[in-house]
Amino acid sequence: MTQPLCPAPLPTDLLARRVDPALVPYERSSEAPPFDRPIGQERAIEAVRFALGMNGPGYNLFCMGPEGTGKSSLVRRYLAEAAAALPVPQDWVYVYNFSDSYRPRALTLPAGRARQFARDMDALVEELRHSLPAAFEADEYRQQRKALEEAIKQRQEQALEEHRGRAEAKGIALVRTPMGLALAPEKEGEVLTPDDFHKLPEEEQQRLKEAMGELQKGLEEALREAPQWEREKREKIRALDADTADRVVKLEIAERKEIYADCPQVLEYLDQVHADLKDNASLFLTDPQEQDQQDGVPPYLRKVGDEARFRRYRVNVLIDHDGATVAPVVMEDHPTQPALLGRIEYRQQLGALITDFHLIKAGALHRANGGFLMLEARKLLQNSFAYDDLKRALRKGEIRIEVPGGSWGMWSTQAMEPEPIPLQVKVVLIGEPMTFYLLSEYDPDFSGLFKVVADFNTHIDRTPETVRDFALVLAEMARQKGTLPLGRLAAAKIVEYGSRLAEDAERLTTHMGDLADLIREADHFARGARQDLINADHVAQAIDGRRRRFGRIPAAIQDEITRDIIRIETDGEAIGEINGLAVLEVGPNAFGKPSRISARVRAGRGEVIDIERQVDLGGPTHSKGVLILSSFLAHRFGTMEPLRLTATLTFEQSYGMVDGDSASSTELYALLSALAEVPIRQSLAVTGSVDQFGRVQAIGGVNEKIEGFFDLCVSRGLTGEQGVLIPASNVAHLMLRDDVVEACADGAFHIWPVRHIDEGITLLTGVAAGEQEEDGQWTSGSVNRRVQARLRAFARIGALDDHGMGGDEPPPRRGLRVEEEAARRRRW
């Protein structure tokens, strides 16, 4: 094995890769040309275009990416382009269902004609309110009705006269009483009183009684025919009224049929209106008695009553595209179930809640029908029933308006059931990647309804071309936000900050929301300084201001370390103790926190004990890192003889969860120091994971970790000996603060790239790691030789214990009885 070379500190040009201002194509952003082309999102744009061009069922779109990457604005632009190529969809109205008032009918009309149709129906009602009463007050109608009434009256009188004549011929009078018609005996034209009747001879009385009985039967038969005559009269009058109304209505309906000859559904509806008006013309007529009763009613109540009578003939315009030239693009910000699928409202009348088809209101699906609908997935899933009912509408291809939860049978009261409207819409969901993955995993319907995903990049490559385009995007953002123009150096500074957000010097973030906020904040400082241009100092002020606003907790931790409440050493040497680095996230802010990691070793049974794991404060990834370093030790030092050590590792003064494997190399260094009894320089801090071969691997948050230890060293005073060991593969991620770079340039602080554990232990201890020779021995005096010697000593102690010569008693064996255990102890 070749002795690893001790790496040199990184040069300053690799600590934060600066942007060449010459790549910024303007002196002032106000001089930059307009730029609306997205950068770095070619894959997502291809998916968007594919989804918008596919017409098959289920080709709806899910756009996933972190918040602030410009998904919504980009998709809206492409939706607008697609909508411009589509025809304007048809209008929709709801009308009264004359067969079932609880199931209003939905009618479709050509775009822009729904509102006119409603006005035409209102005009029909107003015209009939005048023409129908006029028709029923005309002399012709009065004469026809009077003739009908006279004919029935004459028929009744004729029947009575016939009965009266037959009665008089038999000496019986037909008289009218308060109780109706009655028969009574008469003599010489005078009705006999009961006393006079009893004075008549018995034979006469008997004859009159028999005659009255026969006449009474005939009279009753005649009276039984009277209601039938009345019904005939009413039917004839009703037919007369229908004919009279039909002559008026037919003319008005015919005029509207000519207007809507190209709308079959409207023509069918007008026929139904015509038939209903013939039978209900009385709605337009005012009964004199009813008029007398309304004389004391306030005008507004009288108007309400009049409107209620005619509402069945009016039209509820649900969707009207009057003036539209393209298909609709709808963004629903509050996607509740009623907001998506529409709702049925209620109004209060005389203390009760009532509704009708006029109170049906459109939802976002109605407005977007024939076009596109954009929704935020998180908001959609937060609203009860909204997601399930949206899926149901997409599967069935229709919009069914119902109360929330109605499809689940949660309501037992009778409610209106408007006729469903056919649905043809492209739905676009905007959401986080985790939302997409969870829906794909747990919702079997999701993949069938959203077959296309546009996966937006979180970063793009940092090349001269992308830097130029990025600077043009910043100029466009400054124009749109109304800020002062950006100077060349300010734009370069913001591009560098874009690499810092991407946590990669070779990448740029696509999180434009953060950069837009940074421009606004820099504009604030520029205006405060009464400048007409945002320069690099203003951008630096904005970045520093962000750090200070979120700096209370990091400052408090640094203060506790400085006051030795939390023990972190930054000078001197110690065996088995080392400074590790972690990243803490508090809200949107992340900062580095140094931690002290210690290791203790003794002869044992070949195990490395992770104290954090033992007390359930270590996460699975951290435990994995400990097992990996155990494997490294076993492979390096346990191939010739068994490892007979027990080692304990812990994060000192750590009282919360510890997870991640970024401290595994740090723990291995502490363990090697404890085994070799070689002190580690406390002026250094370490981060990086390790594999089973001892290679140091990349970790996250490298900038924050370095800056966290740097701030601690600054608070105690830079000595020129302090620094951080990072994985060499993390060098490409370095975008450190200016003060860190300046300290490194002055030699007051150092950053070393490490590729292998042997390089790191050499730097930390000042003792060479050593080389392994052919016989398995390590170079004399090296760290690995000392570790090997210590482990062999532990092995000898273990061998003595195995032969009963050790000082410690072996652990009791499970399953032995008490007597056997006592005997075994005596033998030992």
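Visitor: How many bridges join strand 8 to strand 13?
Guide: This is a predicted model. Strand 13 covers residues 372–376 and runs parallel to strand 8. The number of bridges joining them is 4.

Visitor: Which residue in strand 13 is the bridge partner of Met331?
Guide: Met331 belongs to strand 8, residues 329–332. Its bridge partner lies in strand 13. That partner is Met374.

Visitor: Which side chains of strand 8 point to the buried face?
Guide: In a regular strand the side chains alternate between the two faces of the sheet. Strand 8 shows such alternation. Val329 and Met331 point to one face and are not buried. The buried ones, on the other face, are Val330 and Glu332.

Visitor: Is Thr646 buried or exposed?
Guide: Thr646 sits in strand 24, residues 645–651. Its relative accessible area is 5%. Buried means under 20%, so Thr646 counts as buried.

Visitor: Which residue's backbone nitrogen does the side chain of Thr646 reach?
Guide: Leave aside the neighbours within four places in sequence. Thr646 is then in contact with Arg600, Val601, Arg602, Ala603, Gly604, Arg605, Glu607 and Ile609. The side chain reaches a backbone nitrogen at 3.4 Å. That nitrogen belongs to Arg605.

Visitor: What is the volume of the largest cavity?
Guide: The structure holds 1 cavity of 30 Å³ or more. The volume of the largest cavity is about 30 Å³.

Visitor: Which elements give two or more residues to the lining of the largest cavity?
Guide: The lining residues are Pro554, Ile557, Gln558, Ile561, Phe591, Gly592, Lys593 and Pro594. They divide into 5 nonpolar, 2 polar and 1 charged. The elements asked for are helix 20 (552–562) and strand 22 (589–603).

Visitor: Where is Arg530, and is this residue buried or exposed?
Guide: Arg530 lies in the loop between helix 18 (512–528) and helix 19 (536–549). Its phi is near 55 degrees, a positive value in a residue other than glycine. Its relative accessibility is 77%. Exposed means over 50%, so Arg530 is exposed.

Visitor: What is the relative accessible area of Glu677?
Guide: Glu677 lies in the loop between helix 23 (664–676) and strand 25 (680–681). Its phi is positive, about 55 degrees, although Glu677 is not a glycine. Glu677 counts as partly exposed, because its relative accessible area is 49%.

Notes:
Residues numbered from 1 in each chain as written. Predicted model: local features only at pLDDT ≥ 70, side-chain atom pairs only at ≥ 80, totals over all residues. Heavy atoms only, no water. 1 Å grid on protein atoms, 1.4 Å probe; cavity = no way out; pocket = protein on both sides within 12 Å on 5 of 7 lines; lining within 4 Å. Points joined across faces, edges and corners; volume = space filled by probe spheres on them. Nonpolar A, V, L, I, M, F, W, Y, C, P; charged D, E, K, R; others polar. Buried < 20%, exposed > 50% of the residue type's maximum accessible area, 1.4 Å probe, protein only. Pairing = 2+ DSSP bridges. Polar contact = N/O pair within 3.5 Å; in protein donor to acceptor, adjacent residues only side chain to side chain. Contact = heavy atoms within 4.5 Å.
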